[in-house]
Amino acid sequence: MIVKKKSNSSKRWLSEHFQDIYVKEAKKNKIRSRSWFKLEEIDKNNKIFKPGMNIIDLGASPGGWSQYAVNKIGKTGSVIACDILPMEKIVGVKFFQGDFRNINTLNFIIDYLSNNTFNVVMSDMAPNITGCWSIDMPRIIEVCRIALTISKHLLSKHGIFLVKSFQGEGLNEFFREIKMLFSKIKICKPKTSRSRSREIFILATR
């Protein structure tokens, strides 16, 4: 068996990850992921969640965003979480596993949920990042458009759409697509995002 050595970048990422204050804080407080803190910051600045809301969480695993949202909306609301990866159960969250890049899976979830009204569609979805942005950006925009398609079908009249994307080729065009559907749009860069990351969040309201 050939054992491949970890690249220097992989070693650096692992070292930074385990020294990260938010990773430590998540572990200490039994929070599923450091992304919880990103959503908390965006919510505090924009007042997204209210008791009784119905929410769709795309790219949910391991469950940081769902965990945050279900605590904000209370027992009268609901969270539907979806991901290609499995996710351990969270009380008050209903989970669907599937790949939305498969049109049959996408149509199934839209049809299944079409009788419900959702106040928030939020997406932390992202493909595996290779570091080659000519490859990564088309994949990133693809999953962003999937989230936008779901919001078109399931989001309420005054609903909120929150989607993670990355700075790069194709983002401006995707942003224009959102502007055609939503009246208020802003780009958020939480302090909890790593400073060198291209990661951004687009927050849009109908």
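**Notebook: a walk through the sheet, its helices and its cores**

I started with the sheet: 7 strands make up an open one, with mixed pairing, in the order 3-2-1-4-5-7-6. I looked at the edges next and found strand 3 (93-97) and strand 6 (184-188), each with a single partner strand, so one side of each has no neighbour in the sheet. From one strand to the next, the twist averages 15°. A reminder to myself that this is a predicted model, so every value here is computed from it.

**Strands 1 and 2**

I checked how strand 1 (residues 54-58) meets strand 2 (residues 78-83): the two run parallel and are joined by 5 bridges. For one pair by name, I noted that isoleucine 55 has valine 79 as its bridge partner in strand 2.

**Helices on the sheet**

I then followed helix 3 (residues 35-46), which packs on the sheet and touches strand 4 (118-123), strand 5 (155-166), strand 6 and strand 7 (199-205). The direction of helix 3 makes about 40° with that of strand 7.

Helix 4 (residues 64-73) packs on the sheet too, touching strands 1, 2, 3, 4, 5 and 7. Its direction makes about 170° with that of strand 2. How many residues of helix 4 are buried? I found 8 of its 10, so I wrote it down as mostly covered. Among the buried ones are Trp65, Tyr68, Val70 and Ile73. Just after helix 4 comes glycine 74, with a positive phi near 75°.

**Lysine 164**

I looked up the annotations: the UniProt entry, which is unreviewed, lists Lys164 under "active site". In the model, lysine 164 sits in strand 5. Is lysine 164 buried or exposed? Its relative accessible area is 10%, and the cut-off for buried is under 20%, so lysine 164 counts as buried. Beyond its neighbours within four places in sequence, its contacts are Ser123, Asp124, Met125, Ala126, Cys144, Glu199, Ile200 and Phe201.

I followed one of those contacts, serine 123, to strand 4. Serine 123 is buried as well, at 1% relative accessibility. With neighbours within four places set aside, serine 123 is in contact with Leu58, Trp65, Ala147, Leu162, Val163 and Lys164.

**Cysteines**

I searched for disulfides and the count came to 0. Cysteine 144, which is in contact with lysine 164, is buried with a relative accessible area of 1%. Cysteine 132 is partly exposed, at 33%.

**Nonpolar cores**

Which residues have the most contacts inside the largest nonpolar core? They are Leu58, Ile150, Phe161 and Ile178, in a core of 34 residues. Elements giving two or more residues to this core include strand 1, strand 4, strand 5 and helix 7 (171-179). Helix 6 (133-154) gives the largest share, 10 residues.

I took a closer look at leucine 58: not counting residues up to four places away in sequence, it touches Cys82, Phe100, Val121, Met122, Ser123, Asp124, Met125, Ala147 and Ile150. Apart from this core lies another, of 27 residues, including Ile31, Val70, Val120 and Ile160. Val70 is one of the buried residues of helix 4.

**One last stop**

I ended at glutamate 25, in helix 2 (residues 21-28). At 33% relative accessibility, glutamate 25 is partly exposed. From glutamate 25 to phenylalanine 37 I noted 12 residues in sequence and 9.4 Å in space, C-alpha to C-alpha.

Notes:
Residues are numbered from 1 along each chain as its sequence is written. This is a predicted model: local features need pLDDT of at least 70, side-chain atom pairs count only at pLDDT 80 or more; totals for chains, interfaces and linings use all residues. Side-chain values use heavy atoms; hydrogens and water are left out. A disulfide is a pair of cysteine sulfur atoms within 2.5 Å. Buried means under 20% relative accessible area, exposed over 50%, partly exposed in between (1.4 Å probe, protein chains only). Two strands pair if DSSP finds at least two bridges between them. Helices (H or I, at least four residues) and strands (E, at least two) are DSSP runs, numbered from the N terminus. Axes are lines fitted to C-alpha atoms, for helices over the stretch in contact, and angles run from 0 to 180 degrees between N-to-C directions. Contact means heavy atoms within 4.5 Å. UniProt positions are given in the numbering used here, feature names are shortened, and annotations may be inferred rather than shown by experiment. A nonpolar core is a set of buried Ala, Val, Leu, Ile, Met, Phe, Trp, Tyr and Cys residues joined through side-chain atoms within 4.5 Å.
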